Amino acid sequence: MKHNFDFIQNLLGRTVYIDDLPEPANLLHAAVFTSPSAHGSFAGLDLSAALALDPTVRVLTAADIPGQNQLGTAVLDEPMLAEGVWHFRGQVIALVLAGSRSLARRAAAAIKLVGAADRPAVTDPRVAFARGDLILKPRTQRWGDSAAAFALCHLVVSGRADSAGQEHVYLETQGAIALPDDSGGVRLMSGTQGPSGVQKIVARVLGLPMNLVEVETRRMGGAFGGKEDQASGWAALAALGAFATQRPVKIYLSRRDDMTSTGKRHPYSSDFRIGLDKDGKILAFEADYYQNSGAACDLSPAIIPRTLFHAAGAYHIPNVRVTGYLCRTNLVPFTAFRGFGGPQGFFVIEAALDKAAAALGLDPVELRRRNLLREGDVSHYGMPHEGVLATETFERCLARAGYPERRAAIQEYNRTNPASKRGLAVMPVCFGISFTKMMMNQGGALIHVYNDGSVGVSTGATEMGQGVSRKLALIVARALGVSQTAVRVESTRTTTVANTMPTAASTGADINGMAAQLAATEIRQRLLAFAAASLQLDPASLTLRDGQLFADPEPAAGPLLSFAALVAKAYEGRVDLSAHAFFATPGLHYDLATERGCPFAYHVYGCALLTVTVDTLRGRYQFDDAIMVHDTGVSIDPLVDLGQIEGAFAQGLGWAALEDLRFDDKGRLLADTLSTYKLPDGHFMPRLDVEMLQRPNPKAVANSKAVGEPPLMYGIAGWFAIADALRAARPGLELAYDLPMTCEKVLGLLTGDLVPAGPSGGEAGR
Amino acid sequence: MRISLTVNGQRYTVDVAEHKTLLRCLREDLGLTGTKEGCGMGECGACTIIFNGRVVNACMILAVEANGATIETIEGEATGPGLSEIQTALERNNSAQCGFCTPGMVMSIKELLRDKPKPTIDEMKEAIEGNFCRCTGYVQIIEAILDLTGRSAEKGELKHV
């Protein structure tokens, strides 16, 4: 079979996720008791009704934690179990264990707070900012002199752009199983993107050294960033239960608990100011990003810089001042989600260009074209752009879309259809690849060639559906000259490859793939050296391919040995058939004091053009088609990359148009189930036309490029395409840049019931 | 309560509590964990099975209601050593990523093709509209159904206005 075994097992329904693992006989199930409002305090808990339910019921609180009650990483501000005060609705106060899941959930529901009192809650990041409630000090990037440049501009426009959060909706909710270990520690199976991160948090909570905590991740049923840092708390709760009871404990969140208590994409509220010359060249841009960080730091300080790095979108802007504020509110701690602050930044610059195009009376597509990045342009953080494909992907996309004719056809359609209007938008993307926190750009791999010639690969990469296992198997297979099916990608374990980084920032295949290639090459060289010595041939003449050893000067002579036979002989010859390798992305440097440097190994480029039809009587819309030209480098597995491009686009389009993550002013999530939180379905998706532009990228493994996040940005075109259609329906309509553009909002704009939000307007939590 | 049911051609007799869902019965009592729990509230479709010939969410049916029922799950889909026809088409089109929605998706496609061997693209989308997939964006799944209905040439026409 062509693909690795995981993919086939998925289709057969045989893959094992956390809740599918065989349950040990004495397993306890966990549930959580959580806070009832956005902010409040309590004196204690009344457990009598919960404990009376069943003799197996056990309730653990902060007082039962042997180590530190702390989940924070960048800032230690997030207790695992609330002590005396809670800061968001859904914060975990107690861990409930029982002999069955339903019993545990019933017991959790029977717990009562004693002496509870609500406290005032803040849900709006601008209110938090005004109160000075920032998690860390703001970050500002400056390039050129924006203040001086504005004075020279032909046109200056300013405005506000708000984007809502987004729920990950990984189909498998958060979960973990913890088993007490006879060493005095715990072993865990965790649905996490970062097993080493879970290991560190569990060790801290239990007061153990890390070597007594073993974490394994086989796979996840989706993650999208939601299981980067956010998986650690649930794993640590299971570990606490196992440690306290010395019995295995499983936690698997209900969908409602998961949606209520776990972090999501950050809502942002931003102000922008953009200045252009009379030809539409951008001369200056300033923005202030009020990030709704939620009640705890989580990954917010890493997400703000990615917003700032992507403040200029795919455009060259010579004078920039952008500032990000981490505003602490009483909402769930917001976290990583595919794009990691990038999409919020892109929305603001696109909003600024949209407004500028209208003021200049210039085609928004043409305005974007004039400002695209070019080779050698220096970014506002001082990094020269190399291998720029902004214009090439843009022009190819427009050519595929038949751009001028398409615009004319839409105008004709709009002229002849009173109750239906079409619009289009173009969305160029330039996305930096590497963790913005430099130390995280490292990874390891351990490869075993077993003495029958089969191969096992372990790395720090976790499989969440993105296909990293398929890429790793291909990379190792090529390096060893064997077939992909001879390579098994092992689960990710802290005891096999240690001190790993979460699989995130689109870098999973880049970093772990390079480490795996180095380890495989090491073994290949040992095997060739052994073969050369035992066959008395020049090692340079030997090659491994198609599972065979060849002596290249005489290819007609056929293979000398099969890979398996060579391995068996090498084993007898006492050759080490295992290798570990380490890779740290070279060339990265960044000075936080000056906000200058080279934070990315390279950038990914691309462009999308999206067309929409809006029913102006009902407010409904249908995306007609999306044309994308995406820079994949030399794709390691084109089917995997195509799936990433389409899937990311769907998620981005959902964020821009459909998914309405709304909190009320009491901090309650209004859409906390999948019947109220609308996700993209097959009907929602437009026809897709994707071209993968495969230019070799010398900066990543096998000349490839990272693919996970950048295509999500294309979805932002959805917002602007609808806006384009709305302006055709209501010429002169003033739109608030407020994402998502739901049907409800479209109808409100068409009927005049929805007026643009003023400086103090907007819905709570945005 | 003691119930008897036929799952993938095999007859089972089990004792279940009255409040137990068919989903939990399949997973816990029969060990058929291919059918997934994504929400437990009938909203995501991960637990889609074929129940007396119709697709249902197994989390919305009580096990006791399945007394005497004939049920098909993902475990019964591939009858030989390899993949079934549906699974082969999904493989060819890379229609599964994380795999969590896949078992339910396969069941919905199976029922669609049984009812309508030549569905329109709208009917394909309708058949899987109860099955959320957060990874693929659905296009690769529809393309697999086009392959299954001998209409691979229409892959570029996944338009719905």
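Contact means that heavy atoms lie within 4.5 Å. By this criterion, A:S37 touches A:W86, A:F88, A:R89 and A:D118, with residues up to four places away in sequence not counted. The structure is a predicted model. In it, A:S37 lies in the loop between β1 (28-34) and β2 (40-41) of chain A. A:S37 has a relative accessibility of 12% and therefore counts as buried, the cut-off being under 20%. One of its partners, A:F88, is 51 residues away along the chain. The C-alpha atoms of A:S37 and A:F88 are nevertheless separated by 6.6 Å.

Two helix pairs were examined. The first joins helix α14 (residues 468-480) and helix α15 (residues 508-535) of chain A. Their axes lie 9 Å apart and form an angle of about 25°. Angles under 35 degrees count as roughly parallel, so α14(A) is roughly parallel to α15(A). The contact draws on residues from both helices. On the α14(A) side, A:V468, A:K471, A:L472, A:I475, A:V476, A:R478, A:A479 and A:L480 take part. On the α15(A) side, the residues include A:G508, A:A509, A:N512, A:G513 and A:A516. Also among them are A:Q517, A:A520, A:T521, A:I523 and A:R524. By class, this contact of α14(A) with α15(A) has 10 nonpolar, five polar and three charged residues. The crossing of α14(A) and α15(A) is right-handed.

The second pair consists of helix α18 (residues 717-729) and helix α19 (residues 743-751) of chain A. The axes of α18 and α19 come within 11 Å and cross at roughly 25°. This angle makes α18(A) roughly parallel to α19(A). The crossing of α18(A) and α19(A) is right-handed. From α18(A), the residues A:I722, A:L726 and A:A729 meet A:V746, A:L749 and A:L750 of α19(A). The contact of α18(A) with α19(A) has six nonpolar residues, no polar ones and no charged ones.

Helix α9 (residues 300-309) of chain A is mostly covered. Nine of its 10 residues are buried. The buried residues of α9(A) are A:S300, A:P301, A:I303, A:I304, A:P305, A:R306, A:T307, A:L308 and A:F309.

Cysteines were considered next. A search of the whole structure finds zero disulfides over all chains. A disulfide requires two cysteine sulfur atoms within 2.5 Å. For A:C327, the closest cysteine sulfur belongs to A:C297 and is 13 Å away, so the two are too far apart for a bond. A:C327 is buried, because its relative accessible area is 0%. A:C153 also counts as buried, because its relative accessibility is 14%.

Several loops show backbone features. A:L739 and A:P740 are joined by a cis peptide bond, with omega about 10°. A:P740 is placed in the loop between β32 (737-739) and α19 of chain A. A:F224 is not a glycine, yet its phi is positive, near 60°. A:F224 is found in the loop between β13 (213-217) and α7 (231-245) of chain A. With a relative accessible area of 11%, A:F224 is buried. A:N703 is not a glycine either, and it has a positive phi of about 60°. A:N703 lies in the loop between β31 (687-693) and α18 of chain A. At 32% relative accessibility, A:N703 counts as partly exposed.

Definitions and conventions. Residues are numbered from 1 along each chain as its sequence is written. Chains are lettered from A and ligands numbered from 1 in the order in which they are written. This is a predicted model: local features need pLDDT of at least 70, side-chain atom pairs count only at pLDDT 80 or more; totals for chains, interfaces and linings use all residues. Side-chain values use heavy atoms; hydrogens and water are left out. Axes are lines fitted to C-alpha atoms, for helices over the stretch in contact, and angles run from 0 to 180 degrees between N-to-C directions. Helices (H or I, at least four residues) and strands (E, at least two) are DSSP runs, numbered from the N terminus. Angles under 35 degrees count as roughly parallel, over 145 as roughly antiparallel, 65 to 115 as roughly perpendicular and the rest as oblique. A crossing is left-handed if the near helix is turned anticlockwise from the far one by less than a right angle, and right-handed if clockwise. Ala, Val, Leu, Ile, Met, Phe, Trp, Tyr, Cys and Pro count as nonpolar, Asp, Glu, Lys and Arg as charged, and the others, Gly among them, as polar. Buried means under 20% relative accessible area, exposed over 50%, partly exposed in between (1.4 Å probe, protein chains only).
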